[in-house]
Each structure stands twice: as C-alpha cells, then as structure tokens.
Amino acid sequence: ARLGREVTDDPRKTSFFKAMQLSVGVVLVLDAATKTTGPATPFTRIWCAFEESMVLELGATRAEPVLFDIATVSDGRPELL
C-alpha cells in the first residue's frame, strides 16, 4: 500500500511535506463541535500541528512569504479569519 510507504519516522521525507514545500500556502479549516468531533479539531491532530509549524518555518527561510489562512463557518457563512 502506497500510504504505508508514506508513514515514516521523519514526516519531512513524505510526499505530503514535499508538496507543502512547493505550495504557496496552507489553509487551516476549523470545524464546529459535533457529537464526535470539534470544535477546532485540527488543533488536536498531529499532522495539522506539523503543517502549522512547517508554514512558520518555511516562511522564515523563503524569499517569498508562505501564506497561512484560517477558515471556518459562522451562521452558515464561510469566514476567513
């Protein structure tokens, strides 16, 4: 299975990280509370925390900025925070 090859001790060696390095930025989508998740589930997930830290690190080492947006839904409308 391809995903099994992507799971390593060093997440910087994955194709996901390589794609992040090529990206212009990252969007973090915050969810509302439900019976099984949320609120703000991404803050409880290790990969999301890794992405957030890498955006800050990449932004400090690149000539151009790395965008980091946070979005959610409020009263049924999308919001960019």
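**Exercise 1. Strand pairing.** Strand β2 (residues 67-74) pairs with β3 in the antiparallel sense over four bridges; place this pair in its sheet and describe the arrangement of the strands.

*Solution.* Before starting, note that this is a predicted model, in which local features need pLDDT of at least 70 and side-chain atom pairs count only at pLDDT 80 or more, while totals for chains, interfaces and linings use all residues. Residues are numbered from 1 along each chain as its sequence is written, and side-chain values use heavy atoms, with hydrogens and water left out.

Step 1: fix the terms. Helices (H or I, at least four residues) and strands (E, at least two) are DSSP runs, numbered from the N terminus, and two strands pair if DSSP finds at least two bridges between them.

Step 2: read the order. The three strands make an open sheet in the order β1-β2-β3, and its pairing is mixed. β1 (25-29) and β3 (77-80) are the edge strands, each having a single partner strand, so one side of each has no neighbour in the sheet. On average, neighbouring strands of this sheet are turned by 25° against each other, direction ignored, where axes are lines fitted to C-alpha atoms, for helices over the stretch in contact, and angles run from 0 to 180 degrees between N-to-C directions.

Step 3: look at one bridge and the loop. Ser74 has Arg77 in β3 as its bridge partner. Asp75 is found in the loop between β2 and β3, and Asp75 has a positive phi of about 55° although it is not a glycine. With a relative accessible area of 79%, Asp75 is exposed (buried means under 20%, exposed over 50%, and partly exposed in between, with a 1.4 Å probe and protein chains only).

**Exercise 2. A residue within the sheet.** Describe the surroundings of Asp69, which is found in strand β2.

*Solution.* Step 1: Asp69 has a relative accessible area of 30% and is therefore partly exposed.

Step 2: leaving out residues up to four places away in sequence, Asp69 touches Val26, Val27, Leu28 and Leu80, contact meaning heavy atoms within 4.5 Å.

Step 3: Asp69 and Leu28 are 41 residues apart in sequence, and their C-alpha atoms are 6.2 Å apart in space. For another pair, the C-alpha atoms of Pro65 and Glu79 are separated by 22 Å, with their positions 14 residues apart along the chain. Pro65 has its place in the loop between α3 and β2, and at 60% relative accessibility Pro65 counts as exposed.

**Exercise 3. Two helices and their rings.** Work out how α2 and α3 cross, and which residues form the aromatic cluster.

*Solution.* Step 1: the axes of α2 and α3 come within 11 Å and cross at roughly 35°. The crossing of α2 past α3 is right-handed; a crossing is left-handed if the near helix is turned anticlockwise from the far one by less than a right angle, and right-handed if clockwise.

Step 2: α2 contributes Phe16, Phe17, Met20 and Gln21 to the contact, and α3 contributes Trp47, Phe50, Glu51, Met54 and Leu58. By class, this contact of α2 with α3 holds seven nonpolar, one polar and one charged residues (Ala, Val, Leu, Ile, Met, Phe, Trp, Tyr, Cys and Pro count as nonpolar, Asp, Glu, Lys and Arg as charged, and the others, Gly among them, as polar).

Step 3: apply the ring rule. Rings of Phe, Tyr and Trp (its six-membered ring) pair if their centres lie within 6.5 Å, with planes under 30 degrees apart counted as stacked, over 60 as edge-to-face and the rest as tilted. The count comes to three aromatic pairs. Among them, Phe16 and Trp47 form an edge-to-face pair, 5.9 Å centre to centre with 70° between the planes. Phe16 lies in helix α2 (residues 15-22) and Trp47 in helix α3 (residues 46-61), so this pair ties together parts that are 31 residues apart in sequence. The ring centres of Trp47 and Phe50 are 4.9 Å apart with the planes at 45°, so that pair is tilted.

Step 4: Phe16, Phe17, Trp47 and Phe50 form one aromatic cluster. Phe16 is partly exposed at 43% relative accessibility, Trp47 is partly exposed at 29%, and Phe50 is buried at 14%.

**Exercise 4. Backbone details.** Locate the cis peptide bond and describe the backbone at Ala40.

*Solution.* Step 1: the peptide bond from Gly38 to Pro39 is cis, with omega near 0°, and Pro39 has its place in the loop between β1 and α3.

Step 2: Ala40 lies in the loop between β1 and α3, and Ala40 has a positive phi of about 55° although it is not a glycine.
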